[in-house]
Amino acid sequence: MSPTALVAEDEAPQRRELCRMLASRWPELRIVAECPDGSAAIAALHAHRPTVAFLDIRMAGASGLEVARQACHMAHVVFTTAYEQHAIEAFEVEAVDYLLKPVTVARLDRTLQRLRTRLSEAPRDTGTVLEAIRQGFRSARSADIPWITASLGNSIKLIATDDVLFFRVDNGSTWVITRHEKASIRTPLKELLPELNPDVFWQIHRGIIVRVSAIRTVRRNELGRLEVALHDSEETLSVSQAFQWRFRGM
Amino acid sequence: MHRLIGPAGPVFGLLLWLPVMVACALPVALLWERHVEGRHQREIAGLHRHRQETNLKLLVLQAQIEPHFLFNTLASLRALLREDATRAEAMVDALVRHLRAVLPIARTDSGASTLSDQLAICTSYLEIMANRMEGRLAYGIDVPSPLLQTPFSPLMLLTLVENAVKHGIEPKVGGGHICIEAERIVHTTGFAVAVRVIDNGVGLSGALGHGLGLRNVREQLALRYGDRATLSLVSPLEGGTIACIQIPLDGSELI
């Protein structure tokens with residue numbers, strides 16, 4: 001039985017070119033699905049059960065990595081990418097097949113050669129590699145997030161973290177307060193905290209995170225509790241017992 | 001080194017000299033005048049230095065060409081060469097225009113950039129992307145002609161357009177469209193121009209990138225206009241994203 005292939009690539013000219021190259025360099029390979037996005041690729045994967053899947057990493061619907069997870073033990077996967085430094089390093093380490101775009105004939109031949117010798121074997125389980133890559137993407141993104149998505153009326157708005165005076169939990173929702181507006185966010189404070197720069201934002205209460213540079217004065221009120229007054233805001237924020245150590249020696 | 005000073009530079013200079021002229025009119029003048037003159041020269045020198053530092057900062061903020069964009073464009077070109085030489089040729093031309101506008105070492109503009117220049121840069125980029133995405137991306141530009149000559153800082157608008165493609169349309173199954181619009185706005189403090197990049201893509205609720213490009217736009221606006229310019233990004237309930245840059249129209253950049 002001749003081997004079959006799925007090609008998933010969201011840019012049509014590139015998709016046609018790869019199919020053309022495959023047809024000329026491996027004529028026995030029958031292309032059973034040409035998919036313009038990740039969701040179509042997942043559907044085609046289950047419908048056709050191809051021998052090989054060529055998957056672009058960045059695609060609408062589902063990324064190539066997500067499609068590959070579904071292809072585990074089902075198809076031999078070859079990733080295609082223009083430039084994903086982080087993924088490429090992982091592919092090299094784990095000896096995962098990949099093609100760099102633009103795909104050259106020489107490189108394609110080498111990859112196809114390897115694939116042919118592997119056809120008799122069961123497809124590899126790429127789960128651990130994919131997990132490592134996803135983790136890498138995540139860590140590249142987190143730490144010191146520059147933007148926060150917040151709800152404002154009926155719309156979603158991007159708020160620059162640089163504009164934020166403080167975050168506060170009120171009536172069960174988390175609010176972000178800037179000089180000009182107040183909007184609610186879905187992320188709970190607990191998840192937000194590790195994403196913020198700890199030198200810039202301090203938690204001063206179970207339900208309050210404040211920008212350090214926005215603090216104008218810290219004083220003890222009539223009840224003996226610490227209170228923080230802010231620049232550019234009328235609000236005073238209370239410091240709970242657990243976080244008073246922050247202001248000791250100031 | 002690019003000259004980024006706007007037409008407002010000399011006017012600003014004149015304003016600084018105004019107190020000196022007033023001092024000249026006073027009878028006590030001579031010594032006092034020299035004193036003031038010296039101080040103002042030092043101030044002007046200080047401003048000049050500040051402007052140079054700011055220009056350097058701006059240049060760093062503007063340097064941007066993504067390897068991902070470049071390699072994917074070349075990959076599409078490789079395909080089009082075989083299929084449609086005319087289309088391939090048009091794409092090479094658009095890519096060259098784009099690189100000349102974006103690569104810091106290849107830039108030929110003098111820094112006195114207008115909205116019209118920036119729309120041309122965005123058009124080259126959108127032409128390349130529409131060619132690559134073939135039917136998944138449509139675009140339109142709707143800017144009243146009196147606004148075309150508005151001074152407009154380099155590459156900020158392109159960042160918004162790139163974001164609309166990357167985070168709005170590309171992640172959307174089936175694709176979508178992008179429109180660039182501009183209008184003059186009357187504030188109590190004076191006139192402003194608002195330039196909007198509107199897409200019908202997946203909206204802001206989707207995964208964000210690191211937002212570095214947007215951060216650069218914010219910093220550029222702050223360096224040039226202080227707090228008189230704004231950048232906002234909003235996703236309406238019905239989907240898509242509206243990115244808007246608003247700058248004062250009196251042309252008085254800070255540098």
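In which sense, parallel or antiparallel, do β4(B) and strand β5 (residues 241-248) of chain B pair, and over how many bridges? In this predicted model, the pairing of β4(B) with β5(B) is antiparallel and runs over five bridges.

**View 1. The hairpin of β4(B) and β5(B).** Where the two strands pair, V234(B) of β4(B) stands opposite I242(B) of β5(B). Five residues lie between the strands of this hairpin, and within the hairpin G239(B) takes a positive phi near 105°.

**View 2. The two faces of strand β4(B).** In a regular strand the side chains alternate between the two faces of the sheet. Strand β4 of chain B, which spans residues 230-235, has a covered face formed by L231(B), L233(B) and S235(B), whereas T230(B), S232(B) and V234(B) belong to its uncovered face. V234(B), on the uncovered face, is the residue that stands opposite I242(B).

**View 3. Strand β4(B) beside strand β7 of chain A.** Strand β7 of chain A, residues 155-160, runs antiparallel to β4(B) and is joined to that strand by three bridges. Here L158(A) stands opposite L233(B), a residue of the covered face of β4(B).

**View 4. Chain A and its two domains.** Chain A is divided into domain 1, residues 4-141, and domain 2, residues 147-247, and the centres of these domains, taken over C-alpha atoms, are separated by 45 Å. The chain holds seven helices and 15 strands, and its C-alpha atoms fill a box of roughly 85 × 40 × 30 Å along the principal axes. Its radius of gyration is 26 Å, whereas a compact globule of 250 residues would have one near 18 Å.

How values were computed. Residues are numbered from 1 along each chain as its sequence is written. Chains are lettered from A and ligands numbered from 1 in the order in which they are written. This is a predicted model: local features need pLDDT of at least 70, side-chain atom pairs count only at pLDDT 80 or more; totals for chains, interfaces and linings use all residues. A residue is buried if 20 or more other C-beta atoms lie within 10 Å of its own, exposed if 12 or fewer, and partly exposed in between; C-beta atoms are placed from the backbone. Helices (H or I, at least four residues) and strands (E, at least two) are DSSP runs, numbered from the N terminus. Two strands pair if DSSP finds at least two bridges between them. Domain bounds come from an automatic or database domain assignment. The radius of gyration is taken over C-alpha atoms; the globule rule is 2.2 Å times the number of residues to the power 0.38.
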